[in-house]
Each structure stands twice: as C-alpha cells, then as structure tokens.
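Biologist: I would like a close look at a single part of this model, the annotated binding site, followed outward to whatever adjoins it in your results. Please take it residue by residue where you can.

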Amino acid sequence: MTDVKKIAVTGAAGQIAYSLLWRIANGDVYGPDQPIKLSLLEITPALGATEGVAMELLDSAFPLVKDIEISDDATKAFDGASAAFLVGAKPRGKGEERSDLLAANGKIFGPQGKAINDHAADDIRVLVVGNPANTNALIAQHAAPDVPADRFNAMMRLDHNRALSQLATKLGYGSDEFEKMVVWGNHSATQFPDIAFAEVDGKKVADLLDHDFYINEFIPRIAKRGAEIIEVRGKSSAASAASSAIDHMRDWIAGTNGSWRSAAIPSKGEYGTDEGLIFGLPCVAEGGEWKVVEGLELSDFQKERIAANNKELNEERDAVADLLK
Ligand code: NAD
Ligand code: LMR
C-alpha cells in the first residue's frame with residue numbers, strides 16, 4: 001500500500017476548517033489513490049469542539065482517511081506532516097483591515113514554523129491562510145531555517161478565483177476558459193488583479209473589457225471582496241477560502257500543465273519585488289514546485305501597482321521585525 005501522508009490543519013474547529021477538512025478527507029489534495037492521516041491542531045479551549053469535528057469526519061466514512069489526530073501541541077501536530085494548512089488565526093471584523101490582525105495573529109506563526117522545522121516530513125509544503133497571510137507566512141518561514149524557503153506559501157488563490165469568476169460573469173465565458181490571469185502582491189486591499197496578459201477564447205481580455213470598468217470597478221471589487229463578504233454575510237469568507245486553499249495545494253503538488261496561477265511565494269527579486277517577501281506572483285507549478293513566469297513586459301501602471309504592494313509588504317515586515325529574529 002502507498003505510504004500514508006499526514007496533512008495538518010490548524011484552526012481545526014474554525015469555520016474554514018469545517019469546509020476544508022471534508023475536501024482533504026475526500027482526497028482532493030493528493031488524489032484518490034493516496035491514503036491520508038488528518039492532524040487537527042487547535043488551542044486548548046477549542047479541543048472539545050475539535051473532538052466534535054473529528055467525530056463528524058469519522059461519521060462521513062471517507063475511505064482514504066486512515067487516522068485522525070487531535071492536539072493543542074504544534075510539535076505533535078506537525079510531526080511527520082507532508083502538508084500543512086495554517087488556518088488558525090483570528091478573522092477581521094467589519095471595518096478592520098487584515099493588517100490590523102498582525103499584532104494578534106503574528107505571534108502564532110513563529111512557534112508553528114519552528115515546530116514544522118523540527119518535526120515535519122522532508123516533503124512538507126505549508127500554505128498560510130490565516131491573515132495577514134503573506135506576512136504570517138514570512139514569520140513561519142523565518143522560524144524554519146532548515147526547510148527550503150519556497151515550501152512556505154501564502155494564499156492568493158481566493159483573489160485569483162474571485163477575478164476569474166468576475167471576468168466569467170462579465171464576459172460570458174466559463175471561469176476555466178481564462179488563461180494568464182494574475183493577482184500580484186499582498187492579500188490585502190492593495191493587491192493588484194492584473195488582466196494585462198489575460199486571454200479568453202484566443203482574445204486579449206483587455207480588448208474585451210472597458211478600461212474604466214477595469215480600473216474603477218473590477219480592480220476594487222476583487223481587492224475588497226473579502227470586506228464585502230464580511231459586510232453581507234456578517235462573517236469572513238470560509239467555504240470559498242477552503243476551496244481556494246485546496247486548489248492551491250493540489251496544483252502545487254500535481255502541477256498546472258503550464259497554466260498560470262497566482263501564488264504568494266518567497267520572492268527572488270522578480271519584477272521589482274524585494275527578495276524574501278512572500279509576494280503574489282504569476283506562477284506555473286511543475287515537478288512539485290512553483291516557477292515564476294519569466295520575461296513579462298510590464299507597463300508603468302503595472303510597475304506602480306506592484307511597487308505599492310512591495311512597499312506595503314515591507315511595512316508589514318518592519319512591523320513584525322521582532323518576530324523575524
Ligand atoms: P475562525 O475564528 O472560525 O477559526 C479560527 C480557529 O483558529 C479558531 O477555532 C481558533 O480557536 C483557532 N486558533 C487560534 N489560534 C490558534 C493556534 N495558535 N493554533 C491553532 N488554532 C488556533 O476563523 P476562520 O473564519 O476559520 O478564519 C481563519 C483565518 O483565515 C482568519 O485569520 C481569516 O482572516 C483568514 N482567512 C484568510 C483568507 C485568505 O484568502 N488568505 C480567506 C478567508 C479567511
Ligand atoms: C477574504 O479575502 O475573504 C479573507 O481574507 C477574509 C477577510 O478578512 O477579508
């Protein structure tokens with residue numbers, strides 16, 4: 001039998017995990033032939049609720065799930081893990097920016113990064129979902145010097161999927177018909193959903209979309225969609241976040257056959273970004289690794305928007321300098 005892969009999920013009693021765990025248990029990360037072990041990490045007061053989540057997972061009788069562990073100890077939760085979804089963190093409320101969460105959430109990610117460094121399997125891949133995701137991923141990655149830096153990602157895939165879906169609705173195509181969409185930068189209101197390279201049905205999206213609509217409606221709608229969901233739903237997005245987290249991890253492992261995705265990965269200085277920042281970039285996945293799409297010509301407008309994200313991520317990095325030592 002194939003070896004069992006351990007997949008860790010933090011914030012296992014929270015609302016994102018309540019969707020995410022069922023997709024993982026269904027085999028949506030490693031595929032239908034890979035048996036898995038689920039590791040649920042929570043804070044101590046939430047262990048009872050986590051037990052309930054585990055009971056419901058058991059009651060779902062997923063054939064691929066060979067074991068379910070619950071813990072409030074990161075060293076146990078990540079021991080031998082090949083994939084980790086770092087979801088556990090406080091969500092923002094109405095009127096807050098994601099960066100307002102940095103003080104409360106940032107300190108979660110250093111100890112988890114260290115536990116991953118010391119205990120995870122050699123093939124560990126980490127996707128940070130908890131906000132502010134890019135800088136939390138940076139904190140976790142800094143605490144894990146023995147793990148290759150590029151194994152720490154933050155999630156831009158929800159922004160990417162939101163952009164595809166809005167384009168599909170506006171232009172009357174399926175969301176899967178669009179190629180070369182990218183959301184650059186930070187998972188914040190500064191993010192840059194960029195259609196300059198996007199194509200559909202052999203046509204340039206920029207030729208199909210009214211320029212004023214693109215600048216004044218499309219970009220802010222994607223960038224502020226998280227706040228819109230909070231306003232309308234009363235809670236931050238959960239099922240869509242879980243679905244996008246699955247998309248990210250599955251593509252990272254299985255590859256994208258040359259198709260572009262938006263993934264926040266450690267910058268190597270591409271396109272004017274500062275090396276080391278966890279930056280949303282145009283990527284393809286191949287052989288279990290993200291590769292940044294090379295050789296793109298950028299307009300002044302694109303360079304300005306990317307620079308604004310670079311500045312913001314540097315400011316976030318400065319704000320958590322104490323956690324990066
Ligand atoms: P939630 O409050 O429903 O659940 C969070 C859970 O994390 C809680 O059960 C809490 O007990 C747990 N937790 C807190 N600290 C922990 C720790 N140190 N270790 C383990 N677990 C811990 O929140 P949610 O709606 O599931 O959202 C979780 C995070 O994901 C938030 O920060 C939210 O803003 C973020 N989010 C990110 C994206 C994205 O695109 N990156 C999308 C949606 C939500
Ligand atoms: C989202 O984009 O929906 C999440 O990051 C939650 C939020 O705070 O907006």
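Modeller: In this predicted model, Q15 touches R233, K235, S236, S237 and A238, once residues up to four places away in sequence are set aside. Two of these contacts, S236 and S237, are also listed among the residues around ligand 2. Q15 itself is found in helix α1, which covers residues 15–25. Its relative accessible area is 30%, so Q15 counts as partly exposed.

A17 lies in helix α1 as well, but A17 is buried, with a relative accessible area of 0%. Its contacts, again without residues up to four places away in sequence, are V9, G11, A12 and W22.

Both Q15 and A17 belong to the set that UniProt lists, in an unreviewed entry, under "binding site". The full set in that record is G11, A12, A13, G14, Q15, I16, A17, N105, Q112, V129, G130 and N131. From this set, the lining of the largest pocket takes in G11, A13, G14, Q15, I16, A17, Q112, V129, G130 and N131. The contacts of A17 thus bring in two further members of the annotated set, G11 and A12.

N131 links the annotated set to ligand 2: the record lists N131, and N131 is also one of the residues around that ligand. The others around ligand 2 are R92, R98, L158, R162, H187, G226, I230, S236 and S237. Three polar distances can be given here. A polar side-chain atom of N131 lies 2.8 Å from an oxygen atom of ligand 2. For R98, an N or O atom in the side chain is 2.8 Å from an oxygen atom of the ligand. For H187, a polar side-chain atom lies 2.6 Å from a ligand oxygen atom.

Further along the sequence from N131 comes helix α5, residues 133–142. Helix α5 is mostly covered, with nine of its 10 residues buried. The buried residues are A133, N134, T135, N136, A137, L138, I139, A140 and Q141.

Some residues around ligand 2, including L158, R162 and H187, have numbers inside the range 157–320, where UniProt places "domain: Lactate/malate dehydrogenase C-terminal", also in an unreviewed entry. Over residues 157–320 the chain is 47% helix and 19% strand. The end C-alpha atoms of that stretch are 24 Å apart.

The same range holds an open sheet of three strands, in the order β7-β10-β11, with antiparallel pairing. Strands of a sheet pair through backbone hydrogen bonds, either parallel or antiparallel. β7 (178–179) and β11 (203–204) stand at the edges with a single partner strand each, so one side of each has no neighbour in the sheet. β7 is joined to strand β10, residues 199–200, by two bridges. One pairing can be named: F178 has V200 in β10 as its bridge partner.

A198 sits in the loop between β9 (192–194) and β10. A198 is buried, with a relative accessible area of 0%. Leaving aside neighbours within four places in sequence, A198 is in contact with E179, K180, M181, K203, K204 and V205. Among these, E179 falls within β7, and K203 and K204 within β11, the two edge strands. A198 and K268 are 70 residues apart in sequence and 24 Å apart in space, taken C-alpha to C-alpha.

Methods
Residues numbered from 1 in each chain as written. Chains lettered and ligands numbered in written order. Predicted model: local features only at pLDDT ≥ 70, side-chain atom pairs only at ≥ 80, totals over all residues. Heavy atoms only, no water. UniProt positions renumbered as here; feature names shortened; annotations may be inferred. 1 Å grid on protein atoms, 1.4 Å probe; cavity = no way out; pocket = protein on both sides within 12 Å on 5 of 7 lines; lining within 4 Å. Helix = DSSP H or I, 4+ residues; strand = E, 2+ residues; numbered from the N terminus. Buried < 20%, exposed > 50% of the residue type's maximum accessible area, 1.4 Å probe, protein only. Contact = heavy atoms within 4.5 Å. Pairing = 2+ DSSP bridges. Near = heavy atom within 4 Å. Polar contact = N/O pair within 3.5 Å; in protein donor to acceptor, adjacent residues only side chain to side chain.
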